[in-house]
Amino acid sequence: MNVEFSSEMWFWRGPAPWHFVTVPDEECRDLETTAAAVSYGWGMIPVTAQIRETRWKTSLFPKDGRYIVPVKAGVRKAEGLDVGDVVTVRLTVDV
């Protein structure tokens, strides 16, 4: 399954601070159909993500009825990204 969307990057200031992009509602509904088959622990979904030219393996986190994509520092640095930037994300669900 492949999903593409654009969304704003945000920063979570919790005990383990991290940058995320929230998957829009429509794409979340599409992902939920495959979640049962591929999800592991806490409803996480393994994916290969891509922003611009940078690809990486990660997992979508369920949050408040949606999914969020963690965006690691190497990706942000390679693509010159910061909080508030609207980015296009391509996801391939790893089965």
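Trainee: What makes β3 and β4 a pair of strands?

Mentor: Count the bridges in this predicted model. Two strands pair if there are at least two bridges between them, and β3 and β4 are joined by seven, running antiparallel. One example is A49, whose bridge partner in β4 is W56. The two strands also form a hairpin with two residues between them. In that turn, R52 has a positive phi of about 55°.

Trainee: How do you know that β3 pairs with β6 too?

Mentor: Use that cut-off again: at least two bridges are needed, and β3 and β6 have five, in the antiparallel sense. Look at T48, for instance, whose bridge partner in β6 is T92.

Trainee: Why is β3 called largely enclosed?

Mentor: Buried means under 20% relative accessible area. Seven of the seven residues of β3 are buried, so the rest of the structure largely encloses this strand.

Trainee: Which residues of β3 point one way, and which the other?

Mentor: I45, V47, A49 and I51 point one way, while P46, T48 and Q50 point the other way, and all are buried. That fits the usual pattern: in a regular strand, side chains alternate between the two faces of the sheet.

Trainee: And what makes β2 largely enclosed?

Mentor: Four of the five residues of β2, which spans residues 18-22, are buried, so this strand is also largely enclosed by the rest of the structure. As for partners, β2 pairs with β1 over four antiparallel bridges, with W10 opposite F20. Those two strands form a hairpin with five residues between them. β2 pairs with β5 as well, over three antiparallel bridges, and there V21 has V69 as its bridge partner.

Trainee: How do you know that E27 has no salt bridge?

Mentor: A salt bridge needs a side-chain nitrogen of Lys or Arg within 4 Å of a carboxyl oxygen. For E27, the nearest side chain of opposite charge is R29, 7.2 Å away. That misses the cut-off, so E27 has no salt bridge, yet E27 is buried. E27 sits in helix α1, residues 25-38. Leaving aside neighbours within four places in sequence, E27 is in contact with V3, E4 and F5.

Trainee: Which residues touch the most other members of the largest nonpolar core?

Mentor: Of its 24 residues, those are F5, V23, L31, I45, L60, Y67 and L91. The elements giving two or more residues to this core are β1, α1, β3, β4, β5 and β6. As for Y67, its contacts beyond four places in sequence include V23, L31, I45 and L60.

Key. Residues are numbered from 1 along each chain as its sequence is written. This is a predicted model: local features need pLDDT of at least 70, side-chain atom pairs count only at pLDDT 80 or more; totals for chains, interfaces and linings use all residues. Side-chain values use heavy atoms; hydrogens and water are left out. Buried means under 20% relative accessible area, exposed over 50%, partly exposed in between (1.4 Å probe, protein chains only). Lys and Arg count as positive and Asp and Glu as negative; His and the chain ends are not counted. Contact means heavy atoms within 4.5 Å. A nonpolar core is a set of buried Ala, Val, Leu, Ile, Met, Phe, Trp, Tyr and Cys residues joined through side-chain atoms within 4.5 Å.
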